[in-house]
Amino acid sequence: MVNREFQNNIPKEGENIEGTFFSQEKNGLRQISRKSRSIPISGIYTCIDFDKKILDNYKNGQPIGTTTHFPEIDEHWTWRLGEVSIITGFCNQGKSLLVGQLLLLKAIGDNWNHAIFCPEEMPSEDYFTNLIESYVGKSASKNQAKYNNYMTLNELNDAISNISPHFFLVNPPDNHSIDNLIRHFTYLVEEKKVQTITIDPYNQIHHNMEPGEREDLYISRFMTKLKKFAIEQNVAVLLIAHQNTPEIQRKEINPKPSLYRIKGGGTFADKADNVLAIWRPFINTNPLDTSIKFMSLKIKKQKLTGIPGKADLTYERKSNRFMDKNGSPIHRLKQKYKQT
């Protein structure tokens with residue numbers, strides 16, 4: 001059947017089509033086209049979308065990193081929430097021990113709380129004993145009594161009461177995948193208000209690679225997930241990753257850790273906000289030498305976090321503490337709070 005409205009609106013030869021069915025249809029299509037172009041697409045932003053935050057930063061300053069309580073380290077790296085920092089170095093160079101003391105200093109000095117995945121520190125009481133010894137500056141083992149370096153029971157109990165509210169070890173019994181660890185970390189962020197997450201080390205995670213997936217693409221996916229978590233939860237994430245085993249001879253100076261020699265490849269360095277390294281140059285030539293260099297090899301936001309460089313520290317075995325040129329930051333903080 002012929003549509004009469006359509007038939008009656010067919011323009012005659014030479015007739016102006018304005019006002020006809022055809023012109024109405026054409027105008028309608030134009031309106032639909034305009035509307036379709038104005039439909040917003042998620043994931044596209046302009047400066048005005050962030051004007052309130054930009055104005056807040058203008059008035060109050062951007063969030064900058066906070067102190068490590070090692071002045072020399074602060075020049076080259078500080079704690080900044082929302083960032084992922086890799087700490088690398090060769091085996092048995094003191095990475096975990098120094099990280100533990102950096103966490104301890106933030107607990108003592110700034111009341112920060114920490115979540116730590118460190119399955120290599122087993123049994124777990126060994127991890128806490130290390131912290132206790134650093135806090136007190138004496139041994140927590142009776143066999144050190146003969147060296148006049150054995151802490152008293154009161155010192156032990158004081159250390160436990162001061163450390164316990166700030167440190168939470170994460171060690172799920174059978175699933176160390178990054179997704180399961182993030183579930184535990186998220187709980188601790190929400191319930192215990194932790195500010196830092198430490199994974200020590202990367203190779204102790206149960207990695208679930210896709211069939212046929214290249215390692216560099218998996219690491220990229222892993223680091224993206226870690227960065228997303230750091231931003232969403234507003235925490236500082238530390239990831240400890242080993243260096244490739246160096247080829248060195250005895251009594252040669254230990255090689256310097258490299259940005260792109262992290263086991264697993266350069267994707268770690270590419271995706272991290274910061275890459276830090278612990279280096280003991282003379283461990284091969286003189287095993288008793290305890291000098292250590294803390295190096296920042298990459299700092300993404302240098303105006304806010306620090307300038308790449310190195311800080312010279314020493315490790316004192318008797319007190320189980322790292323020292324700068326002015327002594328122990330742990331001792332300085334404890335003295336400060338004792339006086340106030």
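Which residue's side chain meets that of Glu-155 in a salt bridge? I began my look at this predicted model with that pair, and I found that the partner is Lys-138, with an N to O distance of 3.2 Å.

I then checked where the two residues lie, and noted that the pair links distant parts of the chain, with Glu-155 in helix H7 (residues 153-163) and Lys-138 in the loop between helix H6 (124-136) and H7, 17 residues apart. For the surroundings I looked up the relative accessible area, which is 25% for Glu-155, and the relative accessibility of Lys-138, which is 30%. I entered Glu-155 as partly exposed and Lys-138 as partly exposed.

Next I turned to Glu-213, which forms a salt bridge with Arg-221, and I wrote down 2.8 Å as the separation of the closest N and O atoms. Here I kept the cut-off in view: buried means under 20% relative accessible area, so Glu-213, at 19% relative accessibility, counts as buried. Arg-221 stands at 31% relative accessibility and therefore counts as partly exposed.

My third pair was Glu-83 and Arg-80, whose side chains meet in a salt bridge at 3.2 Å, N to O. Is this pair buried or exposed? I recorded both Glu-83 and Arg-80 as buried.

Last, I looked up the total, and by the rule of a side-chain nitrogen of Lys or Arg within 4 Å of a carboxyl oxygen of Asp or Glu, the count comes to 10 salt bridges. As a general remark, I added that side chains of opposite charge can pair when their charged atoms come close.

Notes: Residues numbered from 1 in each chain as written. Predicted model: local features only at pLDDT ≥ 70, side-chain atom pairs only at ≥ 80, totals over all residues. Heavy atoms only, no water. Buried < 20%, exposed > 50% of the residue type's maximum accessible area, 1.4 Å probe, protein only. Helix = DSSP H or I, 4+ residues; strand = E, 2+ residues; numbered from the N terminus.
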